[in-house]
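Colleague: Before we discuss the model, may I ask that each term be justified as it comes up?
Modeller: Certainly; please have the structure in view.

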Amino acid sequence: MSQKSKADRILSDSIRLKINSLGPQISQIRQYLWDLDGNKSGKITYDELEECLTRFSFGLKKNEMRRVARTLDQDGSGSVKYTNLFNFFDNEHPLGLSDI
């Protein structure tokens, strides 16, 4: 296993554990993200996603948060669609980081 694949697996496992521990707090995160989206476009910027991940204590380093954002930004627009983000929160295996 390459160093990148190993690091991706560790990050993915860490995020999965945090999401599983959030339980009912997920609805608070959804509301917080909706409030962050000032123009109600259905998207948030990388910075807004980082703000959310920091506020809800995901414990990720800045470069890890950027990797999460780039993974969720499936169209390369520089923003993350709610549908991608909520799928991330709802999915048992939220990230395929080894694919990035």
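Colleague: Why is Lys40 called partly exposed?
Modeller: In this predicted model, Lys40 has a relative accessibility of 37%. Buried requires under 20% and exposed requires over 50%, so Lys40, at 37%, counts as partly exposed.

Colleague: Where is Lys40 found, and what is its phi?
Modeller: Lys40 lies in the loop between α2 and β1. Its phi is positive, about 55 degrees, although Lys40 is not a glycine. Most residues other than glycine have a negative phi. Ser57, just after α3, also takes a positive phi of about 55 degrees.

Colleague: What makes Asp37 buried or exposed?
Modeller: Asp37 has 2% relative accessibility. The limit for buried is under 20%, and therefore Asp37 counts as buried. Asp37 is found in the loop between α2 and β1.

Colleague: Which residues does Asp37 touch, leaving aside those up to four places away in sequence?
Modeller: They are Gly42, Lys43, Ile44 and Tyr82. Contact here means heavy atoms within 4.5 Å. Asp37 and Tyr82 are 45 residues apart along the chain, and their C-alpha atoms are separated by 9.9 Å.

Colleague: Why does Trp34 count as buried, partly exposed or exposed?
Modeller: The relative accessibility of Trp34 is 39%. That value lies between the 20% and 50% limits, so Trp34 counts as partly exposed. Trp34 has its place in helix α2. Not counting residues up to four places away in sequence, Trp34 touches Lys40 and Tyr82. Trp34 and Ile44, 10 residues apart in sequence, are 8.7 Å apart from C-alpha to C-alpha.

Colleague: How do you know whether Arg67 is buried or exposed?
Modeller: Arg67 has 16% relative accessibility. As this is under 20%, Arg67 counts as buried. Arg67 is in helix α4, and its C-alpha atom is separated by 9.9 Å from that of Tyr46, 21 residues apart along the chain.

Colleague: How is the packing of α2 and α3 described?
Modeller: Two packed helices are described by the angle between their axes and the distance between the axes. For α2 (residues 25–36) and α3 (residues 46–55), the angle is about 145 degrees and the axes are 11 Å apart. The crossing of α2 past α3 is right-handed.

Colleague: Which residues make that contact, and how are they classed?
Modeller: Helix α2 contributes Ile29, Tyr32, Leu33 and Leu36, while α3 contributes Glu48, Glu51, Cys52 and Arg55. By class, five are nonpolar, none is polar and three are charged. Tyr and Cys count as nonpolar, and Glu and Arg as charged; therefore Tyr32 and Cys52 fall among the nonpolar residues, and Glu48, Glu51 and Arg55 are the charged ones.

Colleague: Which residues of α3 are buried?
Modeller: Tyr46, Glu48, Leu49, Glu50, Cys52 and Leu53 are buried in α3.

Colleague: What makes a group of residues a nonpolar core?
Modeller: Its members must be buried nonpolar residues joined through side-chain atoms within 4.5 Å. The largest such core here has 25 residues, of which Ile29, Leu33, Leu49, Leu60 and Leu85 touch the most other members. Helices α1, α2, α3, α4 and α5 each supply at least two of its residues, and α2 gives the largest share, five residues. In soluble globular proteins, nonpolar side chains tend to be buried together.

Colleague: What can be said of the protein chain as a whole?
Modeller: The protein chain has five helices and two strands, in the order α-α-β-α-α-β-α from the N terminus. Of its 100 residues, 42% are buried. About 5800 Å² is exposed, and carbon and sulfur atoms supply 49% of that area. Among contacts with a separation of 6 or more, 64% join residues 24 or more positions apart.

Terms used: Residues numbered from 1 in each chain as written. Predicted model: local features only at pLDDT ≥ 70, side-chain atom pairs only at ≥ 80, totals over all residues. Heavy atoms only, no water. Axes fitted to C-alpha atoms, helices over the stretch in contact; angles between N-to-C directions. Helix = DSSP H or I, 4+ residues; strand = E, 2+ residues; numbered from the N terminus. Left-handed = near helix turned anticlockwise from the far one by under 90°. Buried < 20%, exposed > 50% of the residue type's maximum accessible area, 1.4 Å probe, protein only. Areas by Shrake-Rupley, 256 points an atom, 1.4 Å probe, with all protein chains shown as cover.
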